[in-house]
Amino acid sequence: MIETAIHPGLLVIAAGLALPFLRGGPRAAVALAAPLAAAALVLFVPEGSHWQAEYLGLPIAPYAVDRLSRLFALVFAVMAFGGALFALNNASRLEMPAAFVYAGSAIGATFAGDLLTLFAFWELMAIGSTLVVWSAGTPAAWAASRRYLAVHLFGGVLLLAGIAGHVGATGSTLFVRFALDSTAHWLILAAFLVNAGAPPLSAWVADTYPEASWSGTVFLSAFTTKTAVYVLLRGFPGTELLVWVGLWMVFYGIVFALLENDMRRILAYSIVNQVGFMVAGVGLGTEMALNGAAAHAFTHILYKALLLMSAGAVLHATGRRKCSELGGLFRTMPLTTVCGTIGALAISSFPLTSGFVSKSMISQAAADLHLAAVWLALAAASAGVFLHAGIKFPWFVFFQTDSGLRPPDPPLNMRLAMLVFAALCVGLGVVYRPLYDLLPYPADYAPYTGAHVVAQLQLLLFSGLAFFVMLPMLRRTPTITLDTDWFYRRAAPAFWRAVESAARARAASLADFLRRPAARAYGWVVRHHGADGSLARTRTTGDMALWVAVLLAAYLLVSYL
Amino acid sequence: MIAGQLPALVVVVPLAAAPLVVLVRRPVAAFAIATAACAFSFFAALLLAAEVAGAGPISYALGSWPPPWGIEYRVDAFNAFVLVLVSGAATVVAPYGWRAVAAEVRRDQLYLYHATFCLCVAGLLGMAITGDAFNLFVFMEIASLASYILIALGRDRRALLAAYQYLILGTIGATFYVIGVGLLYLVTGTLNIADMAARLPAVPDLRPVLAALAFVTVGVSLKLALFPLHFWLPNAYAYAPSAVSAFLSATATKVSVYVLLRFYFGVFGLPLVVETLPMPQILLALSIVAIVSASLVALWQTDLKRLFAYSSVAQIGYITLGIGMASREGLTAAVVHLFNHGVTKGALFLLVGGVALRAGGAGFASLRGLARAMPLTALGITLAGLSLIGVPGTAGFVSKWYLVIGAIEAGRWWLAALVVATSLIAVGYVWRFVEAAYLAEPGPATPARGEASPVMLAPAWLLVAACLWFGFDTSFTVTSARRAAALLLGGAP
């Protein structure tokens, strides 16, 4: 049985490790064949736990397959293929191998039936993705990768402590559903949420992803946050806290994306926003909601990759990232424009695109549960998504006023990658049954009812109208910075700013209060531990002997007390 | 016939090799004899470990004088494990010395290096295998004197000062140890460790025993470089020849940890150490300071050898932390980490030695752009560095896992958090290397393109591979450590 003998994640990792030694045709062949082979394995491997092993005296299940893990592993493999196709002409020797290790460990994490395997792949993912950011080779990317690694290692520390606590308490390493009844389980949840980009550490997403190379960001957008959604689906379905965390992320993403000028940062904020929908779906916890979260993760990976591919193509061609420096590119980059627009329509859940068939399930689940506030918030957020990603991104990059740039469409491999993903985005929107059949629970949901379509179209048309009505105001602020009279900031939830400013004021006074002692403490650490610090200097022999005497005296004293 | 004599041979062969080397003198022959002796000891240690695992402890009466009158060599699950570590490290380092030491030591002194290396190996193996407290002192002195000489052979003139300081402090440590043993002899009338343990509970006056405990603790703590008795270590490791740094960091402190464990749990006994005295608490406090403080110091070091030396002090803190938990999981963690850290640090020092040889030093200036000049060395240091941090899939993770489990089982969440959080400091200092080697542009001090000699690279990579291997297959390390922990806590052997 070849499909149970070969682990698709390890296959992709192995391919990644082989890539640095290959050139030209063989390199391309391996880079494209390995993810496809992995996808085939994922599709055909039967359900069940295939490898039984023991690690640290505990039974582990490194290759456990069920409907949920198959769905995520499949889209990860597809994503690895698309990313590799798009990145084929990137000269970096490091990026693609690192991305394959990253993608392979994401697949490995989804097939992890036990927590130790999950942790191992979790850490490997952090290392792989850091290397992807690194390989952009700019000082900004190096600095960002450092911050990124710090956040993820912190998450890893939380996860390891939580896993150890869970194993210590139950004696089992199996990755099961957790209840929030112990410190260990809270730690595990916190670690998952760090990777999902949840508050208070959401900032790492938009901080790091845009600093990767034009092709690196495409890889990055897919794996880390969606693996987090997967483990939340498996470990914490129906945890109410997640509904509110998810909604927070949804609005956080919208507000910051609307304020942003860098096209890839807009899309990075929009990742947080989209993952927020999924996290909220996990929190709702009904079969419909979980199906919706899983399906939305699936479609989101595809259209977000497509959007970032089009942004990457623009960056590749022009070397510019800021919306205010771009515009009018549709004249010479028609294909990129079309594909980017398809991605934008999909993220806005336009009917006949993949976003429509997945996101509406989450809203429907909220409606079925009669959670009016949640439903309303999700509906408002859908309008917000259309504003920031659906219109703002393509409008400012491809249309708007002419920037005078006349770059051509990107090379063939990049065009092909965009076409494949655009076809998937439209295809899944039209022929959605195959996707529904892959979902963890039976899906008898019908997306294309009159009510659904009309409601969504109304939402989109009115927010689109709002955008274009306000265009004159936009023209006056060509550099999109923090400008108070900008309509969307006022239309965006006002409470957000209130909360923000209140928190900031509180934080400022607190920071002042803490800063001086903190600076003093840091100074103390450096004074004593620095290269010439008292603890690092070469001591005289007498000094050392003195310490011996002190310690002996202390021990004797303790003994005789 | 020979098999029955293995416990003696494992020590005697390297011991006898030393004078033989001095007689032959020719570097090639000296090297061959020393390497063969180490390899033999390794082979013998493996056989002993296998036998002990199958048939239980072996008692060997030296000169056929039955214990407790004669000197007994006693091999059990714990010291068989230590024997494997020491002789294994010696067997890996010995061939490395062929090129590395030849470059650092005057040619007419080469045979002296090989002779003292054999003595050091014999001394450390003797410390581990002997069942006699005074015989242990003798071997401790053999190993220590040999290591002072080995450190003093370093090219840097500061090596002399480092060796001198180590000599003074090592002598104080050994003296304290022997004072402690003397006090024990006073009250029990025996020097055999097992016999001592059997007679101690019947001793009416506890005072000399407590004094003995204090002296042995401080003496051995000095040898194993427990904070704040570690000040001799960084210079000794930094200025010694690379092969010596690697060998000593992998073995010397580890054998001292073994002695401490043997005395705490095999002589004084758990009730005295844990219940009568707050030894675990003191050990825990010192370990935590060692971990945090030495890791922070490592963070700011400007020389890679010194950086790893300070990291050794921190890692020893993890080992003593496990001892301080005084529980089954804690001791398992301590024993596993003793082995895993030996392998990891051995690999690191061997690789850094290659850099120091090519660049004339291991300062951070010469590490800039190292990944381009010496890609295999840089990759090896990074991988072993991952094990130092405790990334899953490496040996370091296994030790850290048991430490965390031990802390959680004792209900000490804060300790578990501390263990995982301090590994972030290790990330910091390993990252400094990665940043210099992979991100910085080569500077004037960067060595020219070209790896270290394969004779040096192969042993180093063998240990790097071991770091990864023992991260996946834990059957040898963890099983041995569990047996050792059970043995120490008085369970089944």
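What radius of gyration does chain A have, and what would a compact globule with 561 residues have? Chain A has 25 Å, in agreement with the value near 24 Å for a compact globule of 561 residues. The legends below describe views of a predicted model.

**Figure 1. Overall view of chain A in the predicted model.** Chain A holds 23 helices and four strands. Its C-alpha trace spans about 85 × 60 × 55 Å along the principal axes. Of the 561 residues in chain A, 54% are buried. Among contacts in chain A with a separation of 6 or more, 79% are between residues 24 or more positions apart. The domain assignment divides out domain 1, residues 237-482, and domain 2, residues 501-560. The C-alpha centres of these two domains of chain A are 51 Å apart.

**Figure 2. Confidence along chain A, with residues 475-493 in view.** The mean pLDDT of chain A is 84, and 91% of the residues of chain A reach 70 or more. Over residues 475-493 of chain A, by contrast, pLDDT stays under 50. For this segment the model has 21 contacts beyond four places in sequence. Where pLDDT is low, predicted coordinates should not be read in detail.

**Figure 3. Overall view of chain B.** The secondary structure of chain B consists of 21 helices and two strands. Chain B has a radius of gyration of 21 Å, close to the 23 Å from the globule rule for 493 residues, and is therefore as compact as a globular protein of that length. Along the principal axes, the C-alpha atoms of chain B fill a box of roughly 70 × 55 × 40 Å. Buried residues account for 68% of the 493 residues of chain B. Of the contacts in chain B between residues at least 6 apart in sequence, 79% join residues at least 24 apart.

**Figure 4. The side of chain A that touches chain B.** Contacts between the two chains involve 37 residues of chain A and 44 residues of chain B. On the side of chain A, the elements that give two or more residues are α6 (115-134), α7 (139-170), α22 (494-529) and α23 (541-560). The most is given by α23(A), with 12 residues. By residue class, this side of chain A divides into 25 nonpolar, 10 polar and two charged residues.

**Figure 5. Close-up of helix α6 of chain A, one of the elements on the side that touches chain B.** Of the 20 residues of α6(A), 19 are buried, so this helix is largely enclosed by the rest of the structure. At 1.5 Å a residue, α6(A) should span 28 Å, which agrees with the 28 Å between its end C-alpha atoms.

**Figure 6. Surroundings of A:A381 in helix α16 of chain A.** Helix α16 covers residues 372-398 of chain A. A:A381 has 25 other C-beta atoms within 10 Å and is buried, because the cut-off for burial is 20 or more. Beyond its neighbours within four places in sequence, A:A381 is in contact with A:V250, A:F251 and A:I254. A:N273 is also shown: A:A381 and A:N273 are 108 residues apart in sequence, while their C-alpha atoms are 8.7 Å apart in space.

**Figure 7. The loop of chain A that holds A:S349.** A:S349 is placed in the loop between α14 (334-347) and α15 (354-368) of chain A. Although A:S349 is not a glycine, its phi is positive, at about 60 degrees. Most residues other than glycine have a negative phi. A:S349 is buried, with 29 other C-beta atoms within 10 Å.

**Figure 8. Backbone geometry in the loop between α8 and α9 of chain B.** B:A225 lies in this loop, as does B:P228, with α8 covering residues 207-223 and α9 covering residues 232-239. B:A225 has a positive phi of about 65 degrees although it is not a glycine. With 29 C-beta neighbours inside 10 Å, B:A225 counts as buried. The peptide bond from B:F227 to B:P228 is cis, and its omega is near 0 degrees. Most peptide bonds are trans.

Terms used: Residues numbered from 1 in each chain as written. Chains lettered and ligands numbered in written order. Predicted model: local features only at pLDDT ≥ 70, side-chain atom pairs only at ≥ 80, totals over all residues. pLDDT = per-residue confidence, 0-100. Contact = placed C-beta atoms within 7 Å. Buried ≥ 20, exposed ≤ 12 C-beta atoms within 10 Å, placed from the backbone. Rg over C-alpha atoms; globule rule 2.2 N^0.38 Å. Nonpolar A, V, L, I, M, F, W, Y, C, P; charged D, E, K, R; others polar. Domains from an automatic or database assignment. Expected span 1.5 Å × (residues − 1).
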